[in-house]
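Good morning, and thank you for coming. I should like to take you through one structure, beginning with the chain as a whole and ending with a few single residues.

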Amino acid sequence: MEELASELGRASPEILAPWRSDLTCVVPIPLHPLRRRERGFNQSAILAKAVAGQLDIPFHDQLQRTRDTASQVGRTRSQRWANVAGAFVWSGSPLHGTVLLIDDTITTGATVAAGTTALVRAGASAVVVLAFARATEQF
């Protein structure tokens with residue numbers, strides 16, 4: 001996974017060029033601690049660290065998942081949004097500027113929207129989202 005993340009991270013400066021000068025830090029979408037222990041890693045965090053390294057900006061992992069949400073697989077669009085609503089909170093120092101939020105996959109946008117809400121509440125003036133895959137099915 002780290003090798004793939006490194007490859008994807010190398011592409012990030014070009015992809016993020018329009019926002020690069022405004023970015024203050026990189027934050028991954030977190031897994032709930034129970035899911036993190038089951039899986040053994042958080043793919044979004046691995047990708048976010050690689051991107052932060054390539055952009056030479058801080059990586060912060062203080063976005064926390066406050067509850068163990070059910071898997072999004074098999075849920076309708078509205079169920080996905082309801083499932084993650086309010087599921088994230090920022091536990092670090094107040095944020096400033098534009099934050100880069102990284103997720104591995106975007107299907108309906110529910111998870112990154114919930115994460116963005118928490119980052120804005122923590123002080124981010126804007127959030128740029130980068131994902132490495134997106135669903136082609138309509139939900």
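**A walk through the chain**

Let me begin with contacts across the chain. Counting contacts between residues at least 6 apart in sequence, 76% join residues at least 24 apart. Please keep in mind throughout that this is a predicted model.

The chain contains five helices and five strands. Read from the N terminus, the order of these elements is α-β-α-α-β-α-β-β-α-β. Of the 139 residues in the chain, 40% are buried. The chain exposes about 7,500 Å², and 51% of that is supplied by carbon and sulfur atoms.

I turn now to the pockets. The largest pocket holds about 510 Å³ of space. Its lining comprises 28 residues, and those closest to its centre are Gln72, Asp103, Asp104, Thr105 and Thr111. Which elements supply at least two residues each to this lining? They are α2 (33-39), α3 (43-55), α4 (77-84), β4 (98-106) and α5 (110-121). The largest share, four residues, comes from β4. By residue class, the lining of the largest pocket consists of ten nonpolar, twelve polar and six charged residues.

The second largest pocket contains about 290 Å³ of space. It is lined by 14 residues, and Pro30, Arg36, Asn42, Ala45 and Asp61 lie nearest its centre. Two or more residues of this lining are given by each of α2, α3 and β2 (63-65). Eight residues of the lining of the second largest pocket are nonpolar, two are polar and four are charged. Helices α2 and α3 therefore appear in both lists: each supplies at least two residues to the lining of the largest pocket, and each gives two or more to that of the second largest.Helix α3 deserves a closer look. Its 13 residues should span 18 Å at 1.5 Å a residue, and its end C-alpha atoms are indeed 18 Å apart, in agreement with that value. Is this helix largely enclosed or largely open? Ten of its 13 residues are buried, so α3 is largely enclosed by the rest of the structure. The buried residues are Gln43, Ser44, Ala45, Ile46, Leu47, Ala48, Ala50, Val51, Ala52 and Leu55. One of them, Ala45, is also among the residues that lie nearest the centre of the second largest pocket.

Val51, which lies in helix α3, has a relative accessible area of 0% and is buried. Its C-alpha atom is separated by 9.6 Å from that of Leu100, although the two residues are 49 apart along the chain.

Helix α5 can be described in a similar way. It has twelve residues and reaches 17 Å from its first C-alpha to its last, close to the 16 Å expected at 1.5 Å a residue. Its buried residues are Ala110, Thr111, Val112, Ala114, Gly115, Ala118 and Leu119. Thr111 has been mentioned already, as one of the residues closest to the centre of the largest pocket. After α5 comes Gly123, with a positive phi near 120°.

Three further residues complete the picture, and two of them sit in loops. His32 is found between β1 (23-28) and α2. Is His32 buried or exposed? Its relative accessibility is 14%; the cut-off for buried is under 20%, so His32 counts as buried. Setting aside neighbours within four places in sequence, His32 is in contact with Arg65, Arg67 and Asp68.

Ser71 is in the loop between β2 and α4. With a relative accessible area of 37%, Ser71 is partly exposed. What does Ser71 contact, leaving aside its neighbours within four places in sequence? The partners are Arg35 and Asn83. The C-alpha atoms of Ser71 and Val84 are separated by 9.8 Å, and these residues are 13 apart along the chain.

Finally, Thr98 belongs to strand β4, the element with the largest share of the lining of the largest pocket. Thr98 counts as buried, at 11% relative accessibility. Neighbours within four places in sequence aside, its contacts are Asp22, Leu23, Thr24, Cys25, Ser125, Ala126 and Val128.

That concludes my tour of the model, and I shall be glad to take questions.

Note on methods
Residues numbered from 1 in each chain as written. Predicted model: local features only at pLDDT ≥ 70, side-chain atom pairs only at ≥ 80, totals over all residues. Heavy atoms only, no water. Buried < 20%, exposed > 50% of the residue type's maximum accessible area, 1.4 Å probe, protein only. Contact = heavy atoms within 4.5 Å. Areas by Shrake-Rupley, 256 points an atom, 1.4 Å probe, with all protein chains shown as cover. 1 Å grid on protein atoms, 1.4 Å probe; cavity = no way out; pocket = protein on both sides within 12 Å on 5 of 7 lines; lining within 4 Å. Points joined across faces, edges and corners; volume = space filled by probe spheres on them. Nonpolar A, V, L, I, M, F, W, Y, C, P; charged D, E, K, R; others polar. Expected span 1.5 Å × (residues − 1).
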